[in-house]
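Work through the exercises below with the sequence and the model at hand. Each task is followed by a stepwise solution.

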Amino acid sequence: MRRLLAVALGSMLVLSGCGGGDDAGSKALSDVKVTGTADKEPKVDLEKGLEVDKTSTKVIEEGDGEELKEGDVVKLSYVAYNGRTAKEVDNSWKADQRLVATLKEGAILPGFVKGLTGQKVGSRVLVGIAPKDGFGQDNTQIDVKKDDSMVFVFDVVAKLPTEATGAEQKVPATVPAVQLDDQGHPKGFKASKQTPKKVSKQAAYVAIKGDGPKVEKQQAITINYTGQVYPQGAVFDESWSKGQPFTSTIGTGQLIPCWDQLIGQTVGSRVLLVCPADTAYGDQGQGDIKPGDTLLFAVDVLDAD
């Protein structure tokens with residue numbers, strides 16, 4: 001999870017599989033009581049010592065949206081419990097921050113993939129995660145041992161796109177042109193004869209105009225992006241190959257100042273950002289970014305919440 005569980009998720013291997021489960025797993029879930037209105041924090045009652053032999057799912061309320069497939073990017077509200085202690089270990093409602101996750105190998109806990117694949121958007125589901133589909137090791141931060149079963153209640157809020165989905169816009173010839181890979185994703189920029197060698201002011205250009213809501217300050221934005229040294233230098237970072245979009249809060253100092261230009265852009269857009277050093281990493285540099293470098297980003301705005 002983004003607050004407490006995210007540190008452990010990156011190193012986990014995900015096993016393919018669908019929801020459901022064996023009789024033992026289903027029986028364990030039958031003793032868990034979930035009440036409350038959908039889209040609001042549920043009340044969950046369970047006894048200490050709950051064990052799940054196989055990851056299992058019980059639909060509390062079925063939605064009428066699209067069915068989730070492995071590889072989909074989903075937005076979730078959730079509350080998590082340790083079956084051994086019956087104690088709550090994480091809660092997105094209390095944090096006022098939903099989780100964006102990819103149901104894909106290497107991107108999230110195996111139990112998420114098994115428990116949520118095949119469920120419909122709009123559903124509230126109870127998932128019992130067997131130890132083998134959990135962390136695989138002790139997590140002292142939240143008092144979860146490697147042999148503990150875990151219990152989650154998920155609200156499947158939405159399935160998110162993975163790329164910009166709007167109308168193409170004309171970008172000035174002075175801006176380096178976006179180069180696409182075989183899948184149509186930005187892989188970098190190519191300067192033209194009209195591209196100045198240096199720029200002193202930050203700028204944002206909309207290459208694809210989405211029709212979603214405008215991004216607001218202090219929202220959590222989910223994006224896919226490619227970053228390159230201006231005007232035709234090294235590609236120093238990108239999210240596409242990682243299979244997991246990037247999520248962060250905009251307008252709070254968590255991102256470089258140049259990215260605040262995404263505030264006011266519409267969800268679904270592809271925005272090209274030109275970021276002089278004083279709006280990026282300044283005289284410090286980072287990795288392939290040298291001190292004083294101007295940067296270029298192609299940013300697909302997938303969601304703002």
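Buried means under 20% relative accessible area, exposed over 50%, and partly exposed in between, with a 1.4 Å probe and protein chains only. This is a predicted model, in which local features need pLDDT of at least 70 and side-chain atom pairs count only at pLDDT 80 or more, while totals for chains, interfaces and linings use all residues. Residues are numbered from 1 along each chain as its sequence is written, and side-chain values use heavy atoms, with hydrogens and water left out.

**Exercise 1.** Classify the aromatic pair of Y225 and W259, and place both residues.

Step 1. Rings of Phe, Tyr and Trp (its six-membered ring) pair if their centres lie within 6.5 Å; planes under 30 degrees apart are stacked, over 60 edge-to-face, the rest tilted.
Step 2. The structure holds seven aromatic pairs. In one of them, Y225 and W259 lie 5.9 Å centre to centre with 75° between the planes, so the pair is edge-to-face.
Step 3. Helices (H or I, at least four residues) and strands (E, at least two) are DSSP runs, numbered from the N terminus. Y225 is in strand β13 (residues 220-229) and W259 in the loop between β15 (246-249) and β16 (270-275), 34 residues apart.
Step 4. Both Y225 and W259 are buried.

**Exercise 2.** Do likewise for F236 and F297.

Step 1. At 5.6 Å centre to centre and 85° between the planes, F236 and F297 form an edge-to-face pair.
Step 2. The pair links strand β14 (residues 235-238), which holds F236, to strand β17 (residues 295-304), which holds F297, 61 residues apart.
Step 3. F236 and F297 are buried.
Step 4. Ring pairs join Y225, F236, F246, W259 and F297 in a cluster.
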